[in-house]
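This briefing concerns a predicted model. It takes up the surroundings of the ligand and the packing of selected helices.

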Amino acid sequence: MTILITGASGFLGANLAHDLAQTYSVIGTYRNEYPPVPGVDWVSMDLTCRDSVRQVVENCCPTVAVHCAAQANTERAQTHFDEAVQINRDGTCLLVESLPRDCYLIHISTEHVYNASKSWFLETDPPGPVNQYGRTKLLAEQEVLHFEGDWIILRMALLYGGRKEYRLCFSDRIYSQMKQGKPVSLFMDEFRTPLNMSDVAIAVQAAMERHPAREIFNLGGPDRLSRAEFGAILAEETGLDPGLIQRISVDSSPTIAPRPRDLSLNSDKIRSCLGIHPLSVREGIRRAYSTCP
Ligand SMILES: NC(=O)c1ccc[n+]([C@@H]2O[C@H](COP(=O)([O-])OP(=O)(O)OC[C@H]3O[C@@H](n4cnc5c(N)ncnc54)[C@H](OP(=O)(O)O)[C@@H]3O)[C@@H](O)[C@H]2O)c1
């Protein structure tokens with residue numbers, strides 16, 4: 001079985017490639033540089049170039065494609081909307097057109113397709129992104145629906161953890177700042193259901209085994225909390241000083257892209273369909289940071 005991971009040079013892609021390469025033959029795509037992930041074969045691919053996407057797919061003949069590559073920077077997508085459309089929507093369209101029908105497509109989407117008007121979103125809730133990043137990711141999902149083979153869409157929550165030798169994430173930055181004894185400002189009024197990185201590979205492997213088709217799944221952790229609450233658990237579990245956390249409001253720190261207050265995901269469907277049990281934030285932090293220097 002050959003797994004093609006697009007965007008394997010990114011935060012999610014590198015960690016996923018690392019875990020899947022323990023068992024499967026993995027080909028990872030990168031655009032600029034690739035990270036030192038053991039056991040992965042690398043190939044350069046530009047999602048904005050039809051020939052590049054076609055050539056990579058033709059050469060790899062993937063059994064499974066996990067489409068992680070995207071313009072995933074919310075602020076950049078807000079200020080460079082056309083570029084984000086080209087990468088997220090048009091790039092997904094090129095991939096969908098190029099993949100053979102017998103390839104299983106696992107498309108990585110985001111919590112940002114929802115509209116932040118409630119808590120614990122279900123897959124049946126109508127999407128309604130409030131920023132351009134969410135809009136382009138929703139457009140990408142619509143391209144996936146045209147794929148003639150089997151596909152699933154994973155709408156993922158905010159990710160944390162992962163291996164420190166690849167790209168760092170928000171929790172690494174909080175950890176590193178507190179470790180140096182520096183104060184850290186964290187939102188107290190923006191809620192997510194953070195997902196430990198290790199649960200993504202578990203979900204992808206479960207999907208490959210059980211092979212659900214033409215389904216959309218939310219994939220988040222079991223806890224709904226703010227970044228300030230997340231930081232407090234991180235401090236408790238790693239013995240850092242919780243007094244360094246400054247609880248601030250989203251209103252006090254304006255961003256270019258609107259920040260949805262609540263994008264908590266109800267992930268009951270994927271739990272029951274794939275038999276997976278994403279880690280609580282406390283357990284996830286314990287595993288991700290217990291061995292950190
Ligand atoms: N991080 C999260 O908390 C989170 C939460 C929910 C969903 N997601 C989704 O997860 C996926 C990965 O996100 P991430 O956080 O890992 O982002 P990331 O670190 O920015 O990685 C993005 C990846 O996409 C590649 N890429 C960007 N533009 C490309 C292009 N034109 N052609 C080919 N490849 C291109 C990048 O390649 P280079 O780096 O080589 O340029 C990189 O490998 C995205 O689909 C995102 O929407 C992420």
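The points below treat the ligand shell, then helix H1, and then two helix pairs.

**Shell around the ligand**

- In this predicted model, there are 26 residues around the ligand, and those that come nearest are Gly7, Gly10, Arg31, Leu47 and Ala70.
- Two elements, helix H1 (11-20) and strand E5 (104-110), each give two or more residues to this shell.
- Helix H1 gives the most to the shell around the ligand, namely 3 residues.
- By class, the shell around the ligand comprises 14 nonpolar, 8 polar and 4 charged residues.

**Burial of helix H1**

- Helix H1, which contributes to the shell around the ligand, is mostly covered, with 10 of its 10 residues buried.
- The buried residues of H1 are Phe11, Leu12, Gly13, Ala14, Asn15, Leu16, Ala17, His18, Asp19 and Leu20.

**Packing of H1 with H7**

- Two packed helices are described by the angle between their axes and the distance between the axes.
- For H1 and helix H7 (residues 198-210), the axes come within 9 Å and cross at roughly 60 degrees.
- Because angles of 65 to 115 degrees count as roughly perpendicular and those under 35 degrees as roughly parallel, this crossing makes H1 oblique to H7.
- The crossing of H1 and H7 is right-handed.
- On the H1 side, the residues in contact are Leu12, Leu16, Asp19 and Leu20, and they meet Val200, Ala201 and Val204 in H7.
- The contact of H1 with H7 has 6 nonpolar residues, no polar residues and 1 charged residue.
- Leu12, Leu16, Asp19 and Leu20 of H1, which meet residues of H7, are among the buried residues of H1.

**Packing of H8 with H10**

- The axes of helix H8 (residues 227-238) and helix H10 (residues 281-289) come within 9 Å, with a crossing angle of roughly 50 degrees.
- This angle makes H8 oblique to H10.
- The handedness of the crossing between H8 and H10 is right-handed.
- From H8, the residues Phe230, Ile233, Leu234, Glu237 and Thr238 meet Val281, Arg282, Ile285, Arg286 and Tyr289 in H10.
- Sorted by class, the contact of H8 with H10 consists of 6 nonpolar, 1 polar and 3 charged residues.

Definitions and conventions: Residues numbered from 1 in each chain as written. Predicted model: local features only at pLDDT ≥ 70, side-chain atom pairs only at ≥ 80, totals over all residues. Near = placed C-beta within 6 Å. Helix = DSSP H or I, 4+ residues; strand = E, 2+ residues; numbered from the N terminus. Nonpolar A, V, L, I, M, F, W, Y, C, P; charged D, E, K, R; others polar. Axes fitted to C-alpha atoms, helices over the stretch in contact; angles between N-to-C directions. Parallel < 35°, antiparallel > 145°, perpendicular 65-115°, else oblique. Left-handed = near helix turned anticlockwise from the far one by under 90°. Contact = placed C-beta atoms within 7 Å. Buried ≥ 20, exposed ≤ 12 C-beta atoms within 10 Å, placed from the backbone.
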